[in-house]
Every structure is written in structure tokens, then in C-alpha cells.
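Good morning, colleagues. I should like to discuss two helices and how their residues are arranged.

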Amino acid sequence: MYNNEIRGIRDPSEVVSLTFRDVAQMWVNEYSRSGVKKSTLRVRTNALSTIDPLLGDKKLLSINRDVYQQFIFTLADRYKLNTIHSLNSAAMMVFKHAKKSKLISELPYQDTFIPKKQLTVEEIEQQKEERNYFNHSEIKEFLDAVVAYGKPLDKERFFLMMFTGLRSGELCALKWADVDFAAQQIRVKKQFTRNPGDTMIMRSLLQNKWIN
């Protein structure tokens, strides 16, 4: 739905007919040229596709604080908190772009809030903590599969990432000079990322970090 098509404003009077979808498209076009990762761009465009049935056809100038708060309430009825924050963040970026482009004078999301769902005692007791990590046996099974079906040194790579929290892009950017065997530390100062052109580029981290 949202791509990199350029849709400009030829006349100020056109602002009146602009919809949220129109401005979202403008923002996507600009955002895609900012050097953002392709994966990040995909997350934002997917979020806007989810938002579109709720705000897409609404005139930009008709979306005030009350309209936006109702939008948040609708999200709260349909989605989990993390998803609500993601969708809210994408919508906010569109409105920030609109204000920066002088299409609106105020940001409709200001003074809005995300409601907190009140859980019953039974619901709290029934909740189970979601485990998003491998246990000991799963790690062994995974590494055995890597040895059997992976490429040379894959076991060492995955082992290092598992037990240090090192990201794959950071691992690929390591040099021997970053490894201090005496101190048993690894210095992480760069990472490989995928840019919008679907090519890999090396970026310097804002702050070096040491991994023990």
C-alpha cells in the first residue's frame, strides 16, 4: 500500500483535501531516503498498513486530539501493548512530518494517552511468563544441528552470539584487533546493516562497548 511514490503539494489549497494516507505516503518517500535500514522501513510501512483502515481516509485537518484519542482507544481494544506502541509511534512520525512541512500547526497526539487494561486476579494468576530464550537442552540441540548442517565455524559464531548477546551485524564487523585475549574482552565498535538499496554497509556505533 505504501511505497516510494512521490506525491507533492502544488498549491496550499490542496492541504484541505489531504488525507492521512496522502501524508503517510509523503513521509514514507522521505523516510526511505534517509538511510534507514530496510528492515526498519518495512516495520514502519507495515504499521501504516495496519493503521490505514482507521485513519487512512480521514482528512488530515480533521484529525484533532479527540479523534486521535479514539484511534488509540480502538487500538487498545484490538492489540497488545507492544503493538499499540509500535502503531502509535508510526502515526506520530507521520504527524511530525506534516507539522514540519507546515501542513498542520498542532500535533493531534499531544495530551493523548494509552489506556491500561485492568486485569482481574484470575487473569493475573493465569498469566504465564513467556520464555523467549533457549534452555540448556535446546541450545545443545541447536548447536548439534549447526555442526551437522552448518558451514565451517558456524558453531563458534552462534556460540559467541548466544553467550555474549553479540548481534549478527556486529559479529560480521569484528576484526582480530577487537579481541583482547588477555583481558577476555571483545570491543564492538562497528556493525554491518542492510540499507534501503538492499546492500550491506558498515556503520560505526555511537559508543564502543566491551563484551566479556
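Helices here are DSSP runs of H or I with at least four residues, numbered from the N terminus, and the expected span of a helix is 1.5 Å times one less than its number of residues. The model is predicted, so local features need pLDDT of at least 70 and side-chain atom pairs pLDDT 80 or more, while totals for chains, interfaces and linings use all residues. Residues are numbered from 1 along each chain as its sequence is written, and side-chain values use heavy atoms, without hydrogens or water.

Let us begin with α3. Helix α3 has 14 residues, 65–78, and should span 20 Å; its end C-alpha atoms are 20 Å apart, which agrees. Which residues of α3 are buried, that is, under 20% relative accessible area with a 1.4 Å probe on protein chains only? They are Tyr68, Gln69, Phe71, Ile72 and Leu75. These residues lie on the same side of α3, because they cover an arc of only 155 degrees around the axis, taken from the directions from the helix axis to the C-beta atoms. On the other side, Asp66, Asp77 and Arg78 are exposed, meaning over 50%. The cover over the buried residues includes α2 (38–55) and α4 (81–100), where contact means heavy atoms within 4.5 Å.

I turn now to α6. The buried residues of α6 are Ile139, Leu143 and Val146. Viewed down the axis, they fall within an arc of 50 degrees, so they line one face of α6. Lys140, Glu141, Ala148 and Tyr149 are exposed on the other side of α6. Helix α7 (154–164) is included in what covers the buried residues of α6.

Definitions and conventions
Helices (H or I, at least four residues) and strands (E, at least two) are DSSP runs, numbered from the N terminus.
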